Amino acid sequence: MKAAVVFEKGSIPKYTDIAEPEITKENDVLVTVKAASIKNLDRARASGSHYSTENEAHQPKIIGSDGAGYLEDGSKVYFFSKKGTVAEKAVTDKTMMVPIPEALDFSIAAALPNAVMGSAMALKYKAGLQPGNTVLINGATGITGRIAVQIAQLYGAQRIIVTGRNEESLRVLLTLGADEAVSLQLNDEEFRQKIKDIHTETPIDIILDYIWGPSVEMILSAFKGDGTFSHKTRLVTVGGMSSDTIQLSSQILRATDIQISGSGLGSWTKEELALLFKEIIPEMFQAAIEGKIKIETQDIDLSNIEAGWNAEVENGKRLVVRV
């Protein structure tokens with residue numbers, strides 16, 4: 001079969017022939033792949049820089065972590081697999097599949113779930129979002145940030161504040177459900193004061209962070225208490241696009257009622273992961289059909305993976321490989 005294969009860490013995937021995957025476990029099923037999205041996770045795993053692969057001995061492997069296609073009985077499914085998905089065939093576990101409604105296009109079905117994992121899981125399980133909460137989404141101008149805004153609205157957030165550098169993308173977020181946008185192009189003191197003013201006017205219950213680094217340092221300093229009672233805030237980090245580390249003052253934690261946690265592979269319980277496939281993704285597929293969740297894709301053919309791997313993707317779109 002044809003597949004996109006990385007032969008060396010950090011190299012561009014090659015369009016090549018490779019043996020079809022074999023069923024080796026009782027719960028395994030074979031999927032005829034029709035579409036698979038390319039995400040930061042897939043690029044990091046292909047390069048060996050992601051924490052889930054850094055201890056692996058590299059060997060040629062098919063790229064991709066999820067996809068959409070047909071089962072042998074013709075059923076449309078979204079599936080997750082660590083064995084590679086950007087190929088004509090893939091193997092997945094029966095518990096890692098979600099039926100795709102007939103009305104939903106394969107490209108959307110392939111593109112949406114990863115953004116859901118990076119937003120709904122954090123909002124629902126790590127942050128415990130409740131109707132009426134005020135949510136700050138830091139670094140919201142990427143694909144997952146856009147989905148996070150829409151999911152926060154679906155989950156009943158009363159007020160949604162977003163930050164980012166791209167002014168055009170910030171304006172788009174205001175059309176998707178965000179109530180206020182704060183530019184990361186402000187100088188440090190202006191940004192910190194803006195966040196402090198917002199938190200004073202409408203106390204922020206949840207911070208969902210995609211970039212970490214200096215902006216989080218400024219947000220935390222804006223939240224720093226003065227020894228009196230402070231509002232309870234939960235900060236959940238999902239990514240580190242700006243930096244993987246921050247400097248955190250002990251005084252902030254001692255003077256502020258803030259809880260810090262992360263959301264990603266390895267941080268979810270088995271029960272939470274099961275609910276992702278049983279409830280959350282199906283709910284978001286239906287929301288996409290009803291127009292409550294919007295995501296755009298930029299599609300390429302599998303045969304063009306070498307040229308498309310490093311090609312510029314239009315802002316706000318997810319790259320999807322059609323098979």
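Ala, Val, Leu, Ile, Met, Phe, Trp, Tyr, Cys and Pro count here as nonpolar, Asp, Glu, Lys and Arg as charged, and the others, Gly among them, as polar. With that division, the residues lining the second largest pocket of this predicted model fall into 10 nonpolar, 7 polar and 7 charged. The pocket itself holds about 540 Å³ of space. It is lined by 24 residues, and those closest to its centre are Phe 80, Ser 81, Lys 82, Met 96 and Leu 273. Two elements, β7 (89-93) and α9 (270-289), each give two or more residues to this lining. Helix α9 supplies the largest share, 4 residues.

Helix α9 also takes part in an aromatic pair. The ring of Phe 285 in helix α9 pairs with that of Tyr 78 in strand β6 (residues 76-80), and the two residues are 207 apart in the chain. The ring centres of Tyr 78 and Phe 285 lie 6.4 Å apart with the planes at 80 degrees, so the pair is edge-to-face. Tyr 78 and Phe 285 are both buried.

A search of the whole structure finds 2 aromatic pairs. In the pair of Tyr 70 and Phe 106, the ring centres are 5.2 Å apart and the planes stand at 80 degrees, which makes this pair edge-to-face because the angle is over 60. Tyr 70 belongs to strand β5 (residues 66-70) and Phe 106 to helix α2, so that 36 residues separate these distant parts of the chain. The burial of the two partners can be read from their accessible areas. Phe 106 counts as buried because its relative accessibility is 8%, under the 20% limit. Tyr 70 has a relative accessible area of 32% and is therefore partly exposed.

Phe 106 has a charged partner as well: the charged end of Lys 76 sits over the ring of Phe 106, 4.8 Å from its centre. A second arrangement of this kind involves Arg 43, whose charged end sits over the ring of Trp 309 at 4.6 Å from the ring centre.

The largest pocket has a volume of about 1,500 Å³. Its lining is made up of 46 residues, with Asn 40, Leu 41, Thr 144, Gly 239 and Met 241 nearest the centre. Elements that contribute two or more residues to this lining are α1 (40-47), α2 (106-117), α4 (143-154) and β16 (317-322). The largest share, 4 residues, comes from α1. By residue class, the lining of the largest pocket divides into 17 nonpolar, 21 polar and 8 charged.

Thr 144, one of the residues nearest the centre of the largest pocket, is in helix α4. With a relative accessible area of 16%, Thr 144 is buried. Apart from residues up to four places away in sequence, Thr 144 touches Ala 115, Gly 118, Ser 119, Tyr 210 and Arg 318.

Another threonine, Thr 141, is placed in the loop between β9 (134-138) and α4. Its relative accessibility is 17%, so Thr 141 counts as buried. Neighbours within four places in sequence aside, Thr 141 is in contact with Arg 146, Thr 163, Gly 164, Asn 166, Ser 169, Leu 170 and Leu 173.

Technical notes: Residues numbered from 1 in each chain as written. Predicted model: local features only at pLDDT ≥ 70, side-chain atom pairs only at ≥ 80, totals over all residues. Heavy atoms only, no water. 1 Å grid on protein atoms, 1.4 Å probe; cavity = no way out; pocket = protein on both sides within 12 Å on 5 of 7 lines; lining within 4 Å. Points joined across faces, edges and corners; volume = space filled by probe spheres on them. Buried < 20%, exposed > 50% of the residue type's maximum accessible area, 1.4 Å probe, protein only. Contact = heavy atoms within 4.5 Å. Phe/Tyr/Trp six-rings, centres within 6.5 Å; stacked < 30°, edge-to-face > 60°. Lys NZ or Arg CZ within 6 Å of the ring centre and 35° of its normal.
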